[in-house]
Amino acid sequence: SIRRQRQMCIRDRRTLEAVASFRFLERALAVMAHYDMPVFAMASSAGSFSVVTGADASALQNVCKELSVFAEVTVEKEVEVICVQETAERKGEMSEKGLVTLLKDIPLLMVSSEEGSGSVSLTVRRKDRDKVLNLFFTC
């Protein structure tokens with residue numbers, strides 16, 4: 001069965017100064033852990049991060065309510081995480097530049113990867129999933 005996944009984009013509300021910026025991520029993750037929120041993918045930068053979750057509507061509502069005390073929260077519904085693993089025979093062919101060029105017409109919600117792993121996770125709207133998969137299968 002396909003589970004509905006949602007992406008949450010969480011940004012530090014620096015104007016509130018409710019949480020010191022170095023504690024922002026720690027505090028936000030603690031809120032999600034409190035509600036046992038599953039995390040399928042995550043990407044972060046200074047003062048913001050995005051997560052893809054399969055949390056039910058009630059848990060998501062509770063998490064958003066708690067996070068909104070110290071962060072701006074937006075939720076994107078109906079998203080898909082596509083994991084792309086570089087194969088041994090094509091090692092080095094799909095550079096970051098090549099990936100960006102290939103996906104230039106697809107709105108990416110989040111990209112996360114681990115350096116040296118040869119894999120990247122792309123988060124896209126569910127309606128764009130087939131376009132992305134077709135691009136990878138034809139290249």
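## A three-stranded sheet and two cores

In this predicted model, three strands form an open sheet in the order E5-E7-E6, with antiparallel pairing. Strand E5 (79–85) and strand E6 (108–113) stand at the edges. Each has a single partner strand, so one side of each is left without a neighbour in the sheet. Neighbouring strands here are turned by 20 degrees against each other on average, direction ignored.

Now the link between E6 and E7. Strand E7 covers residues 119–125. Five bridges join E6 to E7, and the two run antiparallel. One residue pair can be named: Leu 108 has Val 124 in E7 as its bridge partner.

| Strand | Residues |
|---|---|
| E5 | 79–85 |
| E6 | 108–113 |
| E7 | 119–125 |

After E7 comes a loop that leads to helix H4 (129–138), and Asp 128 lies in this loop. Is Asp 128 buried or exposed? Its relative accessibility is 2%, so Asp 128 counts as buried, the cut-off being under 20%. Leaving aside neighbours within four places in sequence, Asp 128 is in contact with Ile 106 and Pro 107.

Next, the nonpolar cores. The largest has 15 residues. Within this core, Met 32, Met 37, Phe 49, Val 63, Leu 67 and Phe 70 touch the most other members. Helix H1 (21–34), strand E3 (48–53) and helix H2 (57–67) are the elements that each give two or more residues to the core. H2 supplies the largest share, five residues. A second, separate core holds ten residues, including Ile 82, Leu 99, Leu 122 and Val 132.

Note on methods: Residues numbered from 1 in each chain as written. Predicted model: local features only at pLDDT ≥ 70, side-chain atom pairs only at ≥ 80, totals over all residues. Heavy atoms only, no water. Core = buried A, V, L, I, M, F, W, Y, C linked by side-chain atoms within 4.5 Å. Buried < 20%, exposed > 50% of the residue type's maximum accessible area, 1.4 Å probe, protein only. Helix = DSSP H or I, 4+ residues; strand = E, 2+ residues; numbered from the N terminus. Pairing = 2+ DSSP bridges. Axes fitted to C-alpha atoms, helices over the stretch in contact; angles between N-to-C directions. Contact = heavy atoms within 4.5 Å.
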